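I sat down with this one today and kept a short notebook as I went. Here are the entries, in the order I looked things up.

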Amino acid sequence: MAKGKVGKTVGSLGDYLKEQRVSARLSLRQLADQAGVSNPYLSQIERGLRKPSAEVLQQIAKALRISAEQLYIRAGILSPDDGVGGSVELAIISDTGLTERQKQSLLDVYASFLALNAADGSPEAAAAQEDAPTNTETDSDAVANEG
(Lines give C-alpha, C1' and ligand atoms only; values in the text may rest on other atoms or scores of the structure.)
Protein backbone atom coordinates (compact mmCIF):
# COMPACT_ATOMS: atom_id res chain seq x y z
CA MET A 1 0.00 0.00 0.00
CA ALA A 2 1.40 3.40 -0.96
CA LYS A 3 2.03 5.99 1.72
CA GLY A 4 -0.04 9.15 1.66
CA LYS A 5 1.48 12.57 1.85
CA VAL A 6 2.86 13.46 5.28
CA GLY A 7 1.06 16.79 5.34
CA LYS A 8 0.28 19.95 3.43
CA THR A 9 3.28 21.75 4.91
CA VAL A 10 5.68 19.03 3.81
CA GLY A 11 4.00 18.82 0.39
CA SER A 12 4.50 22.52 -0.17
CA LEU A 13 8.08 22.09 1.03
CA GLY A 14 8.63 19.39 -1.59
CA ASP A 15 7.11 21.52 -4.33
CA TYR A 16 9.27 24.45 -3.27
CA LEU A 17 12.43 22.32 -3.17
CA LYS A 18 11.74 20.93 -6.63
CA GLU A 19 11.12 24.44 -7.95
CA GLN A 20 14.40 25.67 -6.44
CA ARG A 21 16.31 22.65 -7.75
CA VAL A 22 14.96 23.11 -11.26
CA SER A 23 15.71 26.85 -11.24
CA ALA A 24 19.26 26.04 -10.07
CA ARG A 25 19.48 23.62 -13.03
CA LEU A 26 20.38 20.69 -10.83
CA SER A 27 19.22 17.13 -11.32
CA LEU A 28 17.82 15.26 -8.36
CA ARG A 29 21.00 13.20 -8.22
CA GLN A 30 23.26 16.30 -8.34
CA LEU A 31 21.39 17.98 -5.49
CA ALA A 32 21.40 14.78 -3.45
CA ASP A 33 25.17 14.48 -3.90
CA GLN A 34 25.79 18.13 -2.97
CA ALA A 35 23.49 17.94 0.06
CA GLY A 36 24.93 14.64 1.25
CA VAL A 37 21.64 12.73 1.18
CA SER A 38 20.53 9.76 -0.88
CA ASN A 39 18.80 10.25 -4.19
CA PRO A 40 15.69 8.23 -3.15
CA TYR A 41 15.40 10.15 0.14
CA LEU A 42 15.52 13.53 -1.65
CA SER A 43 12.95 12.28 -4.12
CA GLN A 44 10.65 11.30 -1.25
CA ILE A 45 11.06 14.76 0.32
CA GLU A 46 10.16 16.44 -2.98
CA ARG A 47 7.09 14.23 -3.34
CA GLY A 48 5.98 14.99 0.23
CA LEU A 49 6.45 11.43 1.47
CA ARG A 50 9.16 12.24 4.02
CA LYS A 51 9.62 15.05 6.51
CA PRO A 52 13.32 15.94 6.68
CA SER A 53 15.11 17.02 9.83
CA ALA A 54 16.36 20.57 10.34
CA GLU A 55 19.89 19.32 9.71
CA VAL A 56 18.96 17.79 6.34
CA LEU A 57 17.09 20.97 5.40
CA GLN A 58 20.19 22.98 6.25
CA GLN A 59 22.32 20.76 3.99
CA ILE A 60 19.79 21.10 1.15
CA ALA A 61 19.59 24.88 1.62
CA LYS A 62 23.36 25.14 1.49
CA ALA A 63 23.50 23.08 -1.70
CA LEU A 64 20.77 25.21 -3.30
CA ARG A 65 22.27 28.42 -1.90
CA ILE A 66 19.00 29.49 -0.32
CA SER A 67 17.98 30.41 3.21
CA ALA A 68 17.69 27.47 5.60
CA GLU A 69 15.17 29.46 7.64
CA GLN A 70 12.88 29.68 4.64
CA LEU A 71 12.95 25.90 4.41
CA TYR A 72 12.31 25.62 8.17
CA ILE A 73 9.20 27.78 7.80
CA ARG A 74 7.97 25.76 4.83
CA ALA A 75 8.62 22.51 6.71
CA GLY A 76 6.77 23.77 9.78
CA ILE A 77 9.88 23.68 11.97
CA LEU A 78 9.92 27.45 12.36
CA SER A 79 6.70 29.39 12.46
CA PRO A 80 6.49 33.14 11.99
CA ASP A 81 3.60 33.09 14.49
CA ASP A 82 5.69 31.51 17.26
CA GLY A 83 6.78 34.05 19.82
CA VAL A 84 8.50 37.36 19.35
CA GLY A 85 10.13 38.25 16.08
CA GLY A 86 8.62 35.76 13.67
CA SER A 87 7.37 38.49 11.39
CA VAL A 88 10.77 40.18 11.43
CA GLU A 89 12.48 36.94 10.48
CA LEU A 90 9.94 36.31 7.73
CA ALA A 91 10.43 39.84 6.39
CA ILE A 92 14.20 39.35 6.26
CA ILE A 93 13.86 35.97 4.57
CA SER A 94 11.42 37.23 1.94
CA ASP A 95 13.30 40.46 1.13
CA THR A 96 14.46 40.11 -2.47
CA GLY A 97 16.84 43.06 -2.14
CA LEU A 98 19.19 41.10 0.12
CA THR A 99 21.62 38.32 -0.70
CA GLU A 100 21.34 35.03 1.18
CA ARG A 101 24.50 35.87 3.11
CA GLN A 102 23.06 39.27 4.13
CA LYS A 103 19.80 37.62 5.18
CA GLN A 104 21.67 35.11 7.33
CA SER A 105 23.75 37.86 8.93
CA LEU A 106 20.65 39.89 9.79
CA LEU A 107 18.91 36.82 11.21
CA ASP A 108 21.96 36.03 13.36
CA VAL A 109 22.15 39.59 14.71
CA TYR A 110 18.40 39.67 15.37
CA ALA A 111 18.54 36.33 17.22
CA SER A 112 21.44 37.57 19.35
CA PHE A 113 19.47 40.69 20.32
CA LEU A 114 16.48 38.56 21.31
CA ALA A 115 18.71 36.26 23.35
CA LEU A 116 20.37 39.23 25.07
CA ASN A 117 17.03 40.78 25.96
CA ALA A 118 15.71 37.46 27.25
CA ALA A 119 18.81 37.06 29.43
CA ASP A 120 18.30 40.54 30.90
CA GLY A 121 14.91 39.67 32.36
CA SER A 122 11.24 39.57 31.61
CA PRO A 123 9.67 40.30 28.23
CA GLU A 124 8.35 43.59 29.64
CA ALA A 125 11.87 44.67 30.56
CA ALA A 126 13.10 43.69 27.12
CA ALA A 127 10.30 45.68 25.47
CA ALA A 128 11.00 48.71 27.66
CA GLN A 129 14.69 48.45 26.81
CA GLU A 130 13.87 48.38 23.09
CA ASP A 131 11.64 51.47 23.37
CA ALA A 132 14.05 53.49 25.46
CA PRO A 133 16.51 55.74 23.61
CA THR A 134 20.17 55.03 24.18
CA ASN A 135 21.08 58.12 26.20
CA THR A 136 24.81 57.54 26.03
CA GLU A 137 24.82 57.75 22.26
CA THR A 138 22.40 60.68 22.17
CA ASP A 139 24.29 62.66 24.83
CA SER A 140 27.72 62.04 23.32
CA ASP A 141 26.43 63.01 19.86
CA ALA A 142 24.99 66.23 21.27
CA VAL A 143 28.26 67.08 23.04
CA ALA A 144 30.27 66.37 19.89
CA ASN A 145 27.96 68.59 17.85
CA GLU A 146 28.12 71.48 20.33
CA GLY A 147 31.64 71.98 20.11
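The entries below go from the whole chain to single residues.

**Entry 1: ground rules**

I am working with a predicted model, so I kept local features to pLDDT of at least 70 and side-chain atom pairs to pLDDT 80 or more, while totals for chains, interfaces and linings use all residues. My numbering starts from 1 along each chain as its sequence is written, and side-chain values use heavy atoms, with hydrogens and water left out.

**Entry 2: the whole chain**

I first looked up the secondary structure and found 9 helices and 0 strands. I took helices (H or I, at least four residues) and strands (E, at least two) as DSSP runs, numbered from the N terminus. Along the sequence the pattern reads α-α-α-α-α-α-α-α-α.

Next came burial: of the 147 residues, 30% are buried. My cut-offs for relative accessible area are under 20% for buried, over 50% for exposed and partly exposed in between, with a 1.4 Å probe and protein chains only.

I also checked how far apart in sequence the contacting residues lie, with contact meaning heavy atoms within 4.5 Å. Among contacts with a separation of 6 or more, 51% join residues 24 or more positions apart.

**Entry 3: where can I trust it?**

I looked at pLDDT, the predictor's confidence in each residue, from 0 to 100. The chain averages 75, and 67% of the residues score at least 70. Confidence is highest in helix H2 (residues 28–35), at a mean of 96, and lowest in helix H9 (residues 135–146), at 42.

Two stretches went on my caution list. Residues 1–7 have pLDDT below 50, yet the model gives this stretch 9 contacts beyond near neighbours in sequence. Residues 132–146 are also below 50, and there I found 0 such contacts.

**Entry 4: H2 against H3**

At what angle do H2 and H3 cross? Their axes cross at roughly 110° and come within 9 Å, H3 being residues 39–46. I used lines fitted to C-alpha atoms over the stretch in contact, with angles from 0 to 180 degrees between N-to-C directions. H2 is therefore roughly perpendicular to H3; the class runs from 65 to 115 degrees, with under 35 roughly parallel, over 145 roughly antiparallel and the rest oblique.

From H2, the contact uses Leu28, Arg29, Leu31 and Ala32, and from H3 it uses Asn39, Leu42, Ser43 and Glu46. By class I noted 4 nonpolar, 2 polar and 2 charged residues. Here Ala, Val, Leu, Ile, Met, Phe, Trp, Tyr, Cys and Pro count as nonpolar, Asp, Glu, Lys and Arg as charged, and the others, Gly among them, as polar.

While there I looked at Ser27, in the loop between H1 and H2. Ser27 is partly exposed, because its relative accessibility is 31%. Its C-alpha sits 9.9 Å from that of Asn39, 12 residues apart in sequence.

**Entry 5: H5 and its partner in H1**

How many of the residues of H5 are buried? I found 7 of its 8, namely Ala68, Glu69, Gln70, Leu71, Tyr72, Ile73 and Ala75. Just after H5 comes Gly76, with a positive phi near 85°.

I then followed Gln70, which belongs to H5 (residues 68–75). Gln70 counts as buried because its relative accessibility is 19%. Its side chain makes a polar contact of 3.2 Å with the side chain of Tyr16. For that term I needed a pair of N or O atoms within 3.5 Å; within protein, one must be able to donate a hydrogen and the other to accept it, and residues adjacent in sequence count only if both atoms are side-chain atoms. Beyond four places in sequence, Gln70 contacts Tyr16 and Ile93.

Tyr16 lies in helix H1 (residues 8–23) and is buried, because its relative accessibility is 9%. Outside four places in sequence, Tyr16 touches Ile66, Gln70, Leu71 and Arg74. The C-alpha atoms of Tyr16 and Leu71 are 8.6 Å apart, with their positions 55 residues apart along the chain.

**Entry 6: two positive phi values in loops**

Arg25 is not a glycine, yet its phi is positive, about 55°. I placed Arg25 in the loop between H1 and H2, exposed at 76% relative accessibility.

Arg65 also has a positive phi, near 60°, in a residue other than glycine. Arg65 is in the loop between helix H4 (54–64) and H5, and is exposed with a relative accessible area of 71%.
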